[in-house]
Amino acid sequence: MGKIKEMPYEEKYAIMLDNVSDLFALLFVAEHLGEKAAGELETIWAEGIEPIPEHASSREKYEAAYANWIWIAKNNLKFIRDHLGEDGIELFKRAEVEALKRKSSGPALVMLDLIRVLSPGAAFNMVATKMAYQLQWITPFTISEISRSRAVFDIPGCKILDFPGTEAICRVGCQGAYPAWLAEQFKVNMAFKRQGKSCTCTVTPID
């Protein structure tokens, strides 16, 4: 990870548990399709979720939780697309952006805004460095550059795309909701250049 601290598997596992237990998609489906449809989606979740081995290592627990998260995420998008079409996917993506913004609001964001006024380059470097740490739970990557004006993340093989049926997670989440959230809340642009399962993500400040 170069100068970036490596996230321990205990923390990766904790983040995965938080994602797996998040009921955001069920609440969205209940709002737009009713409680019965939310129950149907919850049943689909249960069909593919595997128990986490109690005495496994943190890495093994993370991998098991990751597989559960993938199952939930890809079936959320399939269910919404099947019942609400592409308009429903756009609504869900917008709702996800707003949920991410709520999770990230607080005093730290106010302080970042103040730093941005005084030193935009320093503020961008802080955001990029935090991203480089926080995104480690999603997939392995290397960092070819982090400066006050650009950050480049090289993903040799996306962990998400190792699972079947995950193209929608890539398009709607990684290349859709996440860039919109970062642009609106942290004033940075996230651009992807994908080739197969590999990807280069370039992050730059928004003037």
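Let's start with two neighbouring strands: E1 and strand E2 (residues 151-155) run antiparallel to each other and are joined over 4 bridges. Keep in mind as you look that this is a predicted model. E1 and E2 make a hairpin, and 4 residues lie between them. You can pick out individual partners across this pairing. Ile146 stands opposite Ala151 in E2, and Thr142 stands opposite Asp154 in E2.

Now step across to the other side of E2. Strand E4 (residues 198-205) pairs with E2, again in the antiparallel sense, over 5 bridges. Asp154 turns up here too, with Thr200 in E4 as its bridge partner. For Ile155, the bridge partner in E4 is Cys199. How much of E2 is buried? The count is 4 of its 5 residues, so E2 is largely enclosed by the rest of the structure.

Keep going and you reach E3. It runs antiparallel to E4, and 8 bridges join the two. One of the matches to look for is Ala191, whose bridge partner in E4 is Thr202. E3 and E4 form a hairpin with 2 residues between the strands, and in this hairpin Gly196 takes a positive phi near 65 degrees.

Put those pairings together and you have an open sheet of 4 strands, in the order E1-E2-E4-E3, with antiparallel pairing. Which strands sit at the edges? They are strand E1 (142-146) and strand E3 (188-195), each of which pairs on one side only. The sheet also twists, by an average of 15 degrees from one strand to the next.

Just before E3 there's a residue to pause at. Lys187 lies in the loop between helix H7 (167-186) and E3. Its phi is positive, about 60 degrees, although Lys187 is not a glycine. Is Lys187 buried or exposed? Neither label quite fits: with a relative accessible area of 36%, Lys187 is partly exposed.

Next, let's look inside. The largest nonpolar core has 61 residues. Those with the most contacts inside the core are Val29, Trp69, Met131, Trp137, Phe153, Ile160 and Val203. Which helix gives this core its largest share? That's helix H4 (residues 58-104), with 15 residues.

Trp69 is a good one to follow through the core. Leaving aside neighbours within four places in sequence, Trp69 is in contact with Met16, Asn19, Val20, Trp137 and Ile160. Take Val20 from that list. Val20 is found in helix H1 (residues 9-20), and at a relative accessible area of 19% it counts as buried, because the cut-off for buried is under 20%. If you skip residues up to four places away in sequence, Val20 touches Ala65, Asn68, Trp69 and Ile72. Try comparing the chain with the fold here: Val20 and Tyr66 are 46 residues apart along the chain, and their C-alpha atoms are separated by 8.4 Å.

Tyr66 brings us to the rings. Tyr66 belongs to one aromatic cluster together with Tyr9, Tyr62, Trp69, Trp137 and Phe163. Some of these rings have charged company. The charged end of Lys159 sits over the ring of Tyr66, 4.9 Å from its centre. Over the ring of Tyr62 you'll find the charged end of Lys12, 5.6 Å from the ring centre.

How many aromatic pairs does a search of the whole structure find? The answer is 10. One of them is a tilted pair made by Phe24 and Phe92, with 5.4 Å from centre to centre and 40 degrees between the planes. This pair links distant parts of the chain: Phe24 is in helix H2 (residues 24-33), Phe92 is in helix H4, and 68 residues separate them. As for Phe92, it is buried, with a relative accessible area of 6%.

Key. Residues are numbered from 1 along each chain as its sequence is written. This is a predicted model: local features need pLDDT of at least 70, side-chain atom pairs count only at pLDDT 80 or more; totals for chains, interfaces and linings use all residues. Side-chain values use heavy atoms; hydrogens and water are left out. A nonpolar core is a set of buried Ala, Val, Leu, Ile, Met, Phe, Trp, Tyr and Cys residues joined through side-chain atoms within 4.5 Å. Buried means under 20% relative accessible area, exposed over 50%, partly exposed in between (1.4 Å probe, protein chains only). Contact means heavy atoms within 4.5 Å. Rings of Phe, Tyr and Trp (its six-membered ring) pair if their centres lie within 6.5 Å; planes under 30 degrees apart count as stacked, over 60 as edge-to-face and the rest as tilted. A charge sits over a ring if NZ of Lys or CZ of Arg is within 6 Å of the ring centre and within 35 degrees of the ring normal. Two strands pair if DSSP finds at least two bridges between them. Axes are lines fitted to C-alpha atoms, for helices over the stretch in contact, and angles run from 0 to 180 degrees between N-to-C directions.
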